[in-house]
Amino acid sequence: MDSYEIYALRYAGPEESSRALLLWNRDWDQKIQRAYYFWCLLGPGGPVLVDCGVSPERAAQRKLKNYRHPAELLGGLGIKPDDVRHLVLSHMHWDHCGATGFFPRAQMHVQDAEWRFWRESPLVRRSLFTILHEPGDQEALDRAQDQGRLNLHQGDASLLPGLELISAPGHSPGLMALKANTAAGAAVLASDCGHTFANFSEDWPSIFIFDLPAWLASMERLRGLAASPRLLFPGHDLALSRDYPEVAPGITRLV
Ligand SMILES: [Zn+2]
């Protein structure tokens with residue numbers, strides 16, 4: 001069976017915030033450390049990226065701590081930007097899709113519901129949404145579309161043998177997870193369907209809610225798809241850096 005290794009690449013952080021940011025409406029008096037990641041899968045059809053970090057300009061604007069350029073960070077795995085065959089965008093929040101322009105040969109993959117919301121809904125001009133999405137990032141994606149490199153998916157889809165795109169809406173209109181065959185069994189990169197492992201283990205979303213019933217259903221579904229809770233990987237947990245072997249500075253092997 002086609003099998004993949006999964007690496008977490010920390011492009012910024014750690015940063016400290018109230019735990020209530022990542023666990024909705026609770027633990028107001030507690031702090032939590034979080035970090036910013038994208039992920040690389042190595043295997044027969046790879047390299048495949050899930051999300052891609054942000055540009056240096058965006059990092060400066062958003063005052064990210066310990067920022068690293070995604071292309072330079074990826075070099076730690078011996079991979080050049082032009083080597084990337086597929087770039088799966090879990091969703092179109094600024095911290096996940098802000099460096100697509102650095103991967104000019106990659107096929108981009110986005111859920112159709114996610115794309116249509118950010119391209120077409122009048123809601124995106126409301127301040128609650130303008131803080132989550134950057135028009136400049138959209139321009140790079142529009143260029144990819146003009147070049148025939150944008151693939152819009154309606155629900156689950158097979159990406160490559162051993163890699164499945166999984167629709168998991170709730171945090172955003174069309175959040176997409178990736179299920180991968182690995183030597184340890186089926187692993188799921190959930191991105192922000194859970195910001196931390198605690199979101200899944202405690203069945204509790206973060207404060208950034210688009211559709212709460214859909215989110216709860218997605219969490220349940222992803223828990224069922226991963227071979228074990230330790231193979232269901234969240235989007236911003238500092239444990240992704242701390243609890244796994246570091247193979248290069250800022251890069252850990254998850255499985
Ligand atoms: Zn995020």
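**Reading a zinc site and its surrounding helices**

Mentor: Let's start with Arg34, which is buried, with a relative accessible area of 14%. Keep in mind that this is a predicted model.

Trainee: Why does Arg34 count as buried?

Mentor: The cut-off for buried is under 20% relative accessible area. Arg34, at 14%, is therefore buried.

Trainee: Where does Arg34 lie, and what is Arg34 in contact with?

Mentor: Arg34 belongs to strand S2, residues 31-42. Beyond its neighbours within four places in sequence, Arg34 is in contact with Gly13, Pro14, Glu15, Glu16, Ser17, Leu21, Leu22 and His236. Two polar contacts are worth finding on screen: the Arg34 side chain is 3.2 Å from that of Ser17, and the side chains of Arg34 and Tyr36 are joined at 3.3 Å. Look too at Leu240, 206 residues from Arg34 along the chain, with 9.8 Å between the two C-alpha atoms.

Trainee: Let's turn to the metal. Which residues are the protein donors of the zinc ion?

Mentor: They are Asp95 (OD), His96 (NE2), Asp192 (OD) and His236 (NE2), lying 2.0 to 2.3 Å from the zinc ion. You have just met His236 as one of the contacts of Arg34. Along the chain, the donors follow the spacing D-H-x95-D-x43-H.

Trainee: Are Asp95 and His96 buried or exposed?

Mentor: Both Asp95 and His96 are buried.

Trainee: What do the angles say about the site of the zinc ion?

Mentor: A tetrahedral site needs all angles between 85 and 135 degrees. Here the angles among the four donor atoms run from 88 to 164 degrees, and the site is irregular.

Trainee: Next, helices. How do I read the length and the faces of H9?

Mentor: Begin with the span. H9 covers residues 212-225, and its 14 residues reach 20 Å from first C-alpha to last, close to the 20 Å expected at 1.5 Å a residue. Then mark the buried residues: Ala214, Trp215, Ser218, Met219 and Leu222. Seen down the axis of H9, these fall within an arc of 140 degrees, so they line one face of the helix. Pro213, Glu220 and Gly224, on the other side, are exposed.

Trainee: What do the buried residues of H9 pack against, and what caps its N-terminal end?

Mentor: The packing partners are strands S8 (163-167), S9 (176-182), S10 (185-191) and S11 (232-234), along with helix H8 (197-201). The cap is Asp211, with a side-chain oxygen 3.1 Å from the backbone nitrogen of Ala214.

Trainee: How does the span of H7 compare with what it should be?

Mentor: H7, residues 135-146, has twelve residues and should span 16 Å at 1.5 Å a residue; its end C-alpha atoms are 17 Å apart, which agrees. Its buried residues are Asp137, Gln138, Ala140, Leu141, Asp142 and Ala144, and their cover includes helices H2 (56-61), H4 (94-97) and H5 (112-120). After H7 comes Gly148, with a positive phi near 75 degrees.

Trainee: Which residues of H5 are buried?

Mentor: Asp112, Glu114, Trp115, Phe117 and Trp118 are buried in H5, and what covers them includes S5, H6 (127-130), H7 and S6. Asp112 has a relative accessible area of 11%. Its side chain makes polar contacts with the side chains of Arg116, at 2.8 Å, and Gln154, at 3.4 Å. Leaving out residues up to four places away in sequence, Asp112 touches Leu152, His153 and Gln154.

Key. Residues numbered from 1 in each chain as written. Predicted model: local features only at pLDDT ≥ 70, side-chain atom pairs only at ≥ 80, totals over all residues. Heavy atoms only, no water. Donors = N, O, S within 2.8 Å, 3.2 Å for Na, K, Ca; no water. Tetrahedral: all angles 85-135°; square planar, octahedral: opposite > 155°, others 65-115°. Buried < 20%, exposed > 50% of the residue type's maximum accessible area, 1.4 Å probe, protein only. Helix = DSSP H or I, 4+ residues; strand = E, 2+ residues; numbered from the N terminus. Expected span 1.5 Å × (residues − 1). Arc of directions from axis to C-beta. Contact = heavy atoms within 4.5 Å. Polar contact = N/O pair within 3.5 Å; in protein donor to acceptor, adjacent residues only side chain to side chain.
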